[in-house]
Amino acid sequence: MKVSSTKFRLAGNASLLGFLILAVAGISNSQSTPSRVVSGVVTTDKNNEVVSNVTMVASFASGKRETLTGTDGSFRLRLPNEPVN
């Protein structure tokens with residue numbers, strides 16, 4: 001059975017083109033909605049030790065965002081420019 005490398009090359013190029021279109025659409029969409037980043041490190045109050053695997057939640061009128069703190073206690077949330085509850 002002979003496999004044509006041209007078919008694979010075309011399929012690969014089509015996949016790459018599709019990915020690039022989605023990436024550009026995502027960039028343009030994210031630029032049209034102003035946002036901000038909230039980040040920090042969760043620590044204990046007594047020994048100032050970092051706390052991992054803590055769920056951080058930010059709620060706002062159009063939804064909510066969640067993330068877990070990392071092994072170093074750090075977190076990062078991208079939020080829209082609207083009041084946070």
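Visitor: What makes the backbone nitrogen of N53 and the side chain of T69 a polar contact?

Guide: In this predicted model, the nitrogen lies 3.0 Å from a polar atom of the T69 side chain. The cut-off for a pair of N or O atoms is 3.5 Å, so 3.0 Å qualifies.

Visitor: What else does the side chain of T69 reach?

Guide: The backbone oxygen of V51, also at 3.0 Å. That distance falls within the 3.5 Å limit, so it counts as a polar contact.

Visitor: How do you know whether T69 is buried or exposed?

Guide: Check its relative accessible area, which is 3%. Buried means under 20%, so T69 is buried. T69 is found in the loop between β3 and β4.

Visitor: Which residues does T69 touch, leaving out those up to four places away in sequence?

Guide: V42, V51, S52, N53, V54, M56, S74 and F75.

Visitor: And N53 itself, is that one buried or exposed?

Guide: Exposed: its relative accessible area is 59%, and the bar for that word is over 50%. N53 sits in the loop between β1 and β2. Its phi is positive, about 60 degrees, although N53 is not a glycine.

Visitor: Where does N48 lie, and what about its phi?

Guide: N48 is in the loop between β1 and β2. Its phi is positive at about 60 degrees, and N48 is not a glycine either. With 58% relative accessibility against a threshold of over 50%, N48 counts as exposed.

Visitor: Why is V54 called partly exposed?

Guide: Its relative accessible area is 24%. Buried would need under 20% and exposed over 50%, so V54 lands in between. V54 belongs to the loop between β1 (35–41) and β2.

Visitor: Which residues are in contact with V54, leaving aside neighbours within four places?

Guide: V42, T67, L68 and T69. V54 and V42 are 12 residues apart along the chain, and their C-alpha atoms are separated by 8.0 Å.

Visitor: How do you know that β2 and β3 pair?

Guide: Count the bridges. Strand β2 (residues 55–60) and strand β3 (residues 63–68) share 6, in the antiparallel sense. At least two are needed, so the two strands pair. One example is A58, whose bridge partner in β3 is R65. A hairpin of 2 residues joins β2 to β3.

Visitor: Which elements does the whole protein have, and how do they run?

Guide: There is 1 helix, and there are 4 strands. From the N terminus on, the elements run α-β-β-β-β.

Visitor: What makes E66 and K64 a salt bridge?

Guide: Their closest N and O atoms are 3.2 Å apart. The limit between a Lys nitrogen and a Glu carboxyl oxygen is 4 Å, so the pair passes. Side chains of opposite charge can pair when their charged atoms come close. The structure holds 1 salt bridge.

Visitor: Why do E66 and K64 get their accessibility labels?

Guide: K64 has 52% relative accessibility, and over 50% means exposed. E66 has 48%, which is not over 50% and not under 20%, so it counts as partly exposed.

Visitor: What makes S35 and R78 a polar contact?

Guide: Their side chains are joined at 3.2 Å, and the limit is 3.5 Å, so the pair counts. S35 is in strand β1, and at 33% relative accessible area it falls between 20% and 50%, hence partly exposed.

Visitor: Which residues is S35 in contact with, leaving aside neighbours within four places?

Guide: R78, L79, P80 and N81. The C-alpha atoms of S35 and L79 are separated by 5.4 Å, with their positions 44 residues apart along the chain counted as the separation.

Visitor: Why is N85 called exposed?

Guide: Its relative accessibility is 75%, and exposed means over 50%, so the label holds. N85 is found in the segment after β4 (74–80). N85 still touches S59 and F60, not counting residues up to four places away in sequence. The C-alpha atoms of N85 and S59 are separated by 5.3 Å, though the two are 26 residues apart along the chain.

Visitor: How much of the protein counts as buried?

Guide: Of its 85 residues, 11%. The protein exposes about 6,800 Å², with carbon and sulfur atoms supplying 57% of that.

Note on methods:
Residues numbered from 1 in each chain as written. Predicted model: local features only at pLDDT ≥ 70, side-chain atom pairs only at ≥ 80, totals over all residues. Heavy atoms only, no water. Buried < 20%, exposed > 50% of the residue type's maximum accessible area, 1.4 Å probe, protein only. Areas by Shrake-Rupley, 256 points an atom, 1.4 Å probe, with all protein chains shown as cover. Contact = heavy atoms within 4.5 Å. Salt bridge = Lys/Arg side-chain N within 4 Å of Asp/Glu carboxyl O. Polar contact = N/O pair within 3.5 Å; in protein donor to acceptor, adjacent residues only side chain to side chain.
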